[in-house]
Amino acid sequence: PSEARDLRDPSALRPPQQTLTETPQRDKSSRKPSARKRETVSSEFVEQVVAINRVTKVTKGGKKLSFSALVVVGDTKGRVGYGLDKANEVATAIKKALTSAKRQMITVPLYGATIPHQINGICGAAIVMLKPAADGTGVIAAGPVRSVCDSVGIRNILTKCHRSNNPINVVKATMDGLSKLKPRSVPEHPKNSPEVSGEEGHASS
């Protein structure tokens, strides 16, 4: 009879209470940065895709399709390079072009935010005229030339493309012109500054 009373007791039918253990919360600040953030932080170059072309090669077995990518890479501090590579996929072609562009970078002498003097670059039938400009002018250039100027760090320049508009030859002609620039020292005082004119006036008097 006592066992029957225990079974009828509602407290005997309840399951035993389990002790809940608090799970330690992870500190969000201790998490490792994602791979995408690490790439953006570690990358010090400006990468621009100028053109992507589809290339078809006719072979005995049929047509073979591939893609070619033209890429310009620079650090906006006077170094720039370009790469042209092809692969079966667009992403692979861009990656190969970026690698080759970083290997063949050149150093361009800058005169403040522009170039030291006027120069013409030639590649094949393409002729690119590069002319220095005053502060506030901006980059007056077409697509391929603008990509090279932005990557090298030029903010004021006048340009003109003659005879050919092929982006590959235009980029090569622009690089040819930049590679032929001669360095020029930036004066401490501009020619028309009030300090220089005042000194010249005292000397003449």
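**Exercise 1. Find the salt bridge between Asp-176 and Lys-180, then work out how exposed its two partners are.**

Step 1. Asp-176 and Lys-180 form a salt bridge, and their closest N and O atoms sit 3.4 Å apart. This is a predicted model, so treat the distance as a property of the prediction. The cut-off for a salt bridge is 4 Å, so the pair qualifies.

Step 2. Now look at the surroundings. Asp-176 has a relative accessible area of 24%, which makes this residue partly exposed. Lys-180 comes out at 39%, so Lys-180 is partly exposed as well.

**Exercise 2. How many salt bridges does the whole structure hold, and which residue pairs with Glu-47?**

Step 1. A search of the whole structure turns up 2 salt bridges.

Step 2. Glu-47 pairs with Lys-102, with 3.4 Å between the closest N and O atoms. This pair ties together distant parts of the chain: Glu-47 belongs to strand S1 and Lys-102 to helix H4, 55 residues apart.

Step 3. Check the exposure. Glu-47 has 38% relative accessibility and counts as partly exposed. Lys-102, at 37%, is partly exposed too.

Step 4. As a general idea to take along, side chains of opposite charge can pair when their charged atoms come close.

**Exercise 3. Describe helix H4: what is its span, which residues are buried, and what covers them?**

Step 1. H4 runs over residues 90–103, which is 14 residues. From first C-alpha to last, H4 reaches 20 Å, close to the 20 Å expected at 1.5 Å a residue.

Step 2. Pick out the buried positions: Ala-93, Ala-97, Leu-98, Ser-100 and Ala-101.

Step 3. See what lies over them. The cover includes strands S1 (46–59), S2 (62–74) and S3 (79–87).

**Exercise 4. Which residues join Val-49 in a nonpolar surface patch?**

Step 1. Start from Val-49, which you'll find in strand S1. With a relative accessible area of 44%, Val-49 is partly exposed.

Step 2. Add the partners: Ile-52 and Val-90 complete the patch. Together the three have about 210 Å² of accessible area.

**Exercise 5. Is helix H5 largely enclosed or open, and what follows it?**

Step 1. Count the buried residues: 7 of the 10 in H5, so this helix is largely enclosed by the rest of the structure.

Step 2. Name them. They are Pro-144, Val-145, Ser-147, Val-148, Cys-149, Ser-151 and Val-152.

Step 3. Move past the end of H5 and you meet Gly-153, with a positive phi near 105 degrees.

**Exercise 6. Where does Ala-141 lie, and which residues does it contact beyond its sequence neighbours?**

Step 1. Ala-141 sits in the loop between strand S7 (139–140) and helix H5 (143–152).

Step 2. Set aside the neighbours within four places in sequence, and Ala-141 is in contact with Arg-146 and Thr-159.

Step 3. Try a C-alpha distance as well. Ala-141 and Ile-157 are 16 residues apart along the chain, with 7.9 Å between their C-alpha atoms.

**Exercise 7. Sum up the whole chain in a few numbers.**

Step 1. Take the elements: 7 helices and 8 strands.

Step 2. Take burial: 31% of the 205 residues count as buried.

Step 3. Take the contacts. Among those between residues at least 6 apart in sequence, 57% join residues at least 24 apart.

Step 4. Finish with the surface. The accessible total is about 14,600 Å², and carbon and sulfur atoms account for 51% of that.

Notes:
Residues are numbered from 1 along each chain as its sequence is written. This is a predicted model: local features need pLDDT of at least 70, side-chain atom pairs count only at pLDDT 80 or more; totals for chains, interfaces and linings use all residues. Side-chain values use heavy atoms; hydrogens and water are left out. Helices (H or I, at least four residues) and strands (E, at least two) are DSSP runs, numbered from the N terminus. The expected span of a helix is 1.5 Å times one less than its number of residues. Buried means under 20% relative accessible area, exposed over 50%, partly exposed in between (1.4 Å probe, protein chains only). Contact means heavy atoms within 4.5 Å. A salt bridge is a side-chain nitrogen of Lys or Arg within 4 Å of a carboxyl oxygen of Asp or Glu. Accessible areas come from the Shrake-Rupley method with a 1.4 Å probe; for residues, only the protein chains shown count as cover. Patches are made of residues with over 30% relative accessible area and no salt bridge: like charges are joined within 9 Å, nonpolar side chains (Val, Leu, Ile, Met, Phe, Trp, Tyr) within 5 Å.
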